[in-house]
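Please open the model in your viewer, with the sequence panel alongside, and follow the stops below in order.

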Amino acid sequence: MKKYAILSFVSAAAMLLPGAPVEISFRAGAWKTNDFTVVKSPRLEYVRGFLQEKDCIVNPCPDLPDEEIFKKHSNEVYAATVWKEKIPLGRTVAARMGFDHRMAPLIVIAPELGTDASGRPEFREHWEIVLFDEGLNVWHHHFKDGKPSWHKAAFVKTPYLPKTVYDLSVKIEKTGKGHRQMTVSCGGTTLGYADMDLPDSFYAGVIGCEGRNRFYDFRVK
């Protein structure tokens, strides 16, 4: 029987110093409850973790055809979790993931986390690095006066296939002139853009939304 799980895993990674490499498998039987934090979107009222499958975790979705989930229930299937330790600038965050239909598994980068009125962890400013059937998007989310807003900061158009496992990686670093840039790679495509708002350190994790998404691992190197 499937059940909601706050993402975490049995791993020596929990014993590593901040900034040390992290390699986590999301296979069944590899969980521990204090290595990740489930986080709420400020756009939505609910908060939830992921369901465990044999070799991956998946965001909870109604038992309906994929197209019906996408068209009628996309705001009901959001699940997000982040690694409990902050990650310094210069590291690469990666995850193997896929989507069953069209969209939209992603890696999230958040300088800080807030809390909602009930004390639940909630995103404030953050970046979403999104994989979907038509390419890669980077969304920069803002939070001002208690209200969220967002804009598309970067994108590349290239086809990705459903029910296929892709390795999405994100690196945030300083250039030689002190500028900050993000480099995103997936399936042989690379996207880069500069943004001086990119943080010195951040929480990172995965989000499943808009359809049924599967995550197989999470890595920091």
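Two strands are said to pair if DSSP finds at least two bridges between them. With that in mind, and remembering that this is a predicted model, begin by selecting strand β8, residues 92-99, and strand β20, residues 217-220, which pair in the antiparallel sense over 2 bridges. Within this pairing, put A94 at the centre of the view and look across to R219 of β20, which stands opposite A94.

Keep β8 selected and add strand β19, residues 213-215, whose pairing with β8 is also antiparallel, over 3 bridges; here F99 stands opposite N213. Next add strand β15, residues 166-174, which pairs with β8 in the antiparallel sense over 6 bridges, with Y166 as the bridge partner of M97. If you colour β8 by accessibility, you will find the strand mostly covered, since 7 of its 8 residues are buried.

From Y166, move to the aromatic rings, of which the structure holds 5 pairs. Y166 and Y160 form one such pair, edge-to-face, with 5.0 Å from centre to centre and 85° between the planes, and both Y160 and Y166 are buried. Then select F26, F36, W83 and F218 together, as these residues form one aromatic cluster.

F218 leads on to the nonpolar interior: the largest nonpolar core has 38 residues, and F218 is listed with I129, V138, M182 and V184 as having the most contacts inside it. Apart from this core lies another, of 17 residues, including F70, A80, V130 and C209. Returning to V138, show its contacts beyond four places in sequence, among them I129, M182 and V184 as well as H151 and K152.

K152 is worth selecting in its own right, for it lies over the face of F155, at 5.2 Å from the ring centre. For a second arrangement of charge and ring, select R48 and Y46, where the charged end of R48 sits over the ring of Y46, 4.2 Å from its centre.

For the last stop, select L113, which lies in strand β10, residues 113-115. Is L113 buried or exposed? L113 is partly exposed, because its relative accessible area of 27% falls between the limits of 20% for buried and 50% for exposed. Leaving aside residues up to four places away in sequence, L113 touches V39, V82, E122, F123 and Y203. Finally, draw a distance from L113 to C56, 57 residues apart along the chain, and the C-alpha atoms will be found separated by 26 Å.

Note on methods:
Residues numbered from 1 in each chain as written. Predicted model: local features only at pLDDT ≥ 70, side-chain atom pairs only at ≥ 80, totals over all residues. Heavy atoms only, no water. Helix = DSSP H or I, 4+ residues; strand = E, 2+ residues; numbered from the N terminus. Buried < 20%, exposed > 50% of the residue type's maximum accessible area, 1.4 Å probe, protein only. Contact = heavy atoms within 4.5 Å. Phe/Tyr/Trp six-rings, centres within 6.5 Å; stacked < 30°, edge-to-face > 60°. Lys NZ or Arg CZ within 6 Å of the ring centre and 35° of its normal. Core = buried A, V, L, I, M, F, W, Y, C linked by side-chain atoms within 4.5 Å.
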